[in-house]
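Dear colleague,

I am passing on the structure below, and my notes on what was found in it follow. Please read them alongside the coordinates.

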Amino acid sequence: MEKIARQMIAALPFARALGMQLDEIEHGRAVISMPYDERLVGEPRTGVIHGGAVSALMDTCSGAAVMARTDGPGVTATIDLRIDYMRPARPGDRIRCEAFCYHTTRSVAFVRATATDEDTDRPVATAVGAFTFDKKDPTS
Amino acid sequence: MNAKRPEPVQVIKERRDRALNVLVHGVPYINFLGIRFDRKGDELTAVMPYAERHIGNPVLPALHGGATASFLEVTAIIGLGWSILWEEIEQGEVDPAAISPESIPRLPKTIDFTVDFLRTGLPRDAYARARVNRSGRRYASVHVEAWQDNRERMFAQATGHFLMPPRG
């Protein structure tokens, strides 16, 4: 699953443009990271990455966690995503996002995600989202 | 008889466009996404021209949710930053001629941002407008709507809270 998932992330043009890399994937959990890139800066005076780029990483990682559910169809779309920004990411640091799909119904998957930089004790951002889901019928 | 004549329209326009330009083009991520802003008076419309690298699902194809979320967040921050700058210029607190890439006005910081994905983002140009619903001394609440071919059919909307930049 890991190899296919890694290739799949690499095949998404926007994920590739931001340099995203799939680090870990398992049932309902994904880790994706993104290198520091000056093109993604939102505040030129400080060199801090734009919140929108962090959102893109968290959306991709959350979606990957849903796709990695073994009881789902392997595809999903974001219904909604809320991101809370705790602090600016440190310029120069790689940003890593870990997402868990912690609950699914027949048609919805619920996810939470955390993004950190190299100071892993203090989150940069957290996210919660709802994604489309289509649970496999265990009786069929 | 000595009443000051209003400035020629071209002078006013150029001054405002210059200020907006400095605000927008100082941000590398906005250039990376190719987003530009059309201005009519104080109203801004953000435009994200279609680019192959904005695609998330190459099979459909559809815009990446992250590209859409970024577009909305950029629109919200510039919309709010512009409303602050506009006020400062009109009240004479900021001299637009003195605004340079080195002294660009500070932008608001995102506290939280919630994106509602209503429809698939099509492989076409996207447009968005921000509405500042509340702009206090410290906090602001901004709503953004994005559409493509048809203004009445939003494909995404978002609400965000922002920390206002320190004044002066």
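Chain B holds three helices and eight strands, and please bear in mind throughout that this is a predicted model. Following the sequence, the order of these elements is α-α-β-β-β-β-α-β-β-β-β.

As to overall dimensions, the radius of gyration of chain B is 17 Å, which agrees with the value near 15 Å that a compact globule of 168 residues would have. Along the principal axes, the C-alpha atoms of chain B fill a box of roughly 65 × 35 × 30 Å. Among contacts in chain B with a separation of 6 or more, 64% are made by residues 24 or more positions apart.

Turning to the surface, 48% of the 168 residues of chain B count as buried, while the accessible surface amounts to about 8,800 Å², with 50% of that area belonging to carbon and sulfur atoms. Chain B carries 22 positive and 20 negative charges, and the mean positions of these two sets lie 2 Å apart.

The element I looked at in detail is helix H3 of chain B, which covers residues 65-90. Because a helix rises by 1.5 Å a residue, the 26 residues of H3(B) should span 38 Å, and the 37 Å between its end C-alpha atoms agrees with that expectation. H3(B) is mostly covered, since 23 of its 26 residues are buried, that is, under 20% relative accessible area. After H3(B) comes B:Gly92, which has a positive phi, near 75°.

With best regards

Key: Residues numbered from 1 in each chain as written. Chains lettered and ligands numbered in written order. Predicted model: local features only at pLDDT ≥ 70, side-chain atom pairs only at ≥ 80, totals over all residues. Heavy atoms only, no water. Helix = DSSP H or I, 4+ residues; strand = E, 2+ residues; numbered from the N terminus. Rg over C-alpha atoms; globule rule 2.2 N^0.38 Å. Buried < 20%, exposed > 50% of the residue type's maximum accessible area, 1.4 Å probe, protein only. Contact = heavy atoms within 4.5 Å. Areas by Shrake-Rupley, 256 points an atom, 1.4 Å probe, with all protein chains shown as cover. Lys, Arg positive; Asp, Glu negative; His and termini not counted. Charge placed at Lys NZ, Arg CZ, Asp CG, Glu CD. Expected span 1.5 Å × (residues − 1).
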